[in-house]
Amino acid sequence: MRHFKILFFAFLLLPFSKTFALTITDTIQFNNKLERDWHQFTFDMISEGYNPDTDSITMVSFTIDIREIFTEPFEDEEYAEEFREPLLIHDWFLFYRSYFPDIDTSVSTDRIFWSRTNDCLYEVQFMGTTECLFQPDIDGLFFSSWQVGTDNLWLNSVSLSIEVIRSKVNEPSVLFIFITTLLVLFGKHCNLQKYS
């Protein structure tokens with residue numbers, strides 16, 4: 001009888017347990033010329049709504065909205081290498097260390113499937129200590145570093161989106177608690193009458 005009651009109350013709680021998918025995006029509006037230098041972009045997904053206690057990332061999407069300031073019509077010719085716009089993107093989630101010899105005006109999105117891990121995905125050792133530099137499932141931080149080799153690129157925006165599965169248990173309503181209490185009291189009352 002006791003096991004039946006436990007199963008019965010577990011069944012009653014099922015409607016309050018929910019799992020659903022959502023997309024969380026962090027966009028950096030740069031709206032400026034990219035200088036010939038290193039640029040660092042940090043995406044803080046917790047500030048955008050990611051919760052490491054309830055969310056599991058299933059996909060990461062990286063979008064770049066960029067354009068050439070001046071378009072050289074013959075830049076693809078073999079002799080016109082000086083007119084191209086080279087870019088090196090370094091991150092720990094998608095490109096790692098990818099060299100693009102010529103960036104053209106475009107809005108491009110790249111995606112990667114993701115499986116949650118609570119392990120450190122990139123760590124460094126320095127003077128006998130180990131420091132974790134990349135653990136987005138826990139801290140919600142993604143980083144992208146760019147080495148720009150031209151003065152001819154304008155970055156409108158760069159954004160990172162994560163698709164997550166969120167597990168959430170809602171608080172039971174007052175009515176549900178009241179009905180449950182009545183059922184428990186009624187059950188105890190029946191048991192007392194049975195043995196008296």
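This is a selection-by-selection tour of a predicted model, from the whole chain to single residue pairs.

**Whole chain**

Start with the full chain in cartoon view. Its secondary structure consists of three helices and 10 strands. Read from the N terminus, the order of elements is α-β-β-β-β-β-β-β-β-α-β-β-α. The chain has 196 residues, and 31% of them are buried. Switch on a surface: the accessible area is about 13000 Å², with 58% of that area belonging to carbon and sulfur atoms. Among contacts with a separation of 6 or more, 74% are between residues 24 or more positions apart.

**The largest nonpolar core**

Next, select Phe-62, Phe-93, Phe-142, Trp-146, Leu-160 and Ile-162 and show their side chains. These belong to the largest nonpolar core, a set of 28 residues, and they touch the most other members of it. To see where the core comes from, colour strands E2 (38–44), E3, E4 (87–91), E9 (141–148) and E10 (153–169), the elements that each give two or more residues to it. E10 supplies the largest share, six residues.

**Phe-62**

Keep Phe-62 selected and centre on it. This residue sits in strand E3 (residues 55–68). Is Phe-62 buried or exposed? With a relative accessible area of 1%, Phe-62 is buried.

Now display what surrounds Phe-62. Beyond its neighbours within four places in sequence, its contacts include the aromatic residues Phe-43, Phe-93, Phe-95 and Trp-146. Leu-94, Val-158 and Leu-160 are also in contact with Phe-62, as are Ser-108, Thr-109, Asp-110, Ser-144 and Ser-159. Add Ser-161 to the selection and check the C-alpha distance: Phe-62 and Ser-161 are 99 residues apart along the chain, and their C-alpha atoms are separated by 6.5 Å.

**Asp-55 and Arg-166**

Stay on strand E3 and select Asp-55, together with Arg-166. Their side chains form a salt bridge, with N to O at 2.7 Å. Asp-55 lies in strand E3 and Arg-166 in strand E10, so this pair ties together parts that are 111 residues apart in sequence. Both residues are buried.

**Arg-36 and Asp-151**

How many salt bridges are there in the count? The count comes to two salt bridges. For the other pair, select Arg-36 and Asp-151, whose closest N and O atoms are 3.6 Å apart. Arg-36 is in the loop between strand E1 (17–33) and E2, while Asp-151 is in the loop between E9 and E10, so parts 115 residues apart in sequence are tied together. Arg-36 counts as exposed, at 52% relative accessibility. Asp-151, at 36%, is partly exposed.

**The disulfide**

Finish with the cysteines. The structure holds one disulfide; select Cys-120 and Cys-132, which it joins with an S to S distance of 2.2 Å. Why does the disulfide count as right-handed? The torsion about the S-S bond is about 105 degrees, so the disulfide is right-handed.

Cys-120 lies in the loop between strand E6 (106–113) and strand E7 (122–126), and Cys-132 in strand E8 (residues 129–134), so the disulfide links parts that are 12 residues apart in sequence. Colour the pair by accessibility to end the tour: Cys-120 has 25% relative accessibility and counts as partly exposed, and Cys-132, at 32%, also counts as partly exposed.

Note on methods. Residues are numbered from 1 along each chain as its sequence is written. This is a predicted model: local features need pLDDT of at least 70, side-chain atom pairs count only at pLDDT 80 or more; totals for chains, interfaces and linings use all residues. Side-chain values use heavy atoms; hydrogens and water are left out. A disulfide is a pair of cysteine sulfur atoms within 2.5 Å. Helices (H or I, at least four residues) and strands (E, at least two) are DSSP runs, numbered from the N terminus. Buried means under 20% relative accessible area, exposed over 50%, partly exposed in between (1.4 Å probe, protein chains only). Contact means heavy atoms within 4.5 Å. Accessible areas come from the Shrake-Rupley method with a 1.4 Å probe; for residues, only the protein chains shown count as cover. A nonpolar core is a set of buried Ala, Val, Leu, Ile, Met, Phe, Trp, Tyr and Cys residues joined through side-chain atoms within 4.5 Å. A salt bridge is a side-chain nitrogen of Lys or Arg within 4 Å of a carboxyl oxygen of Asp or Glu.
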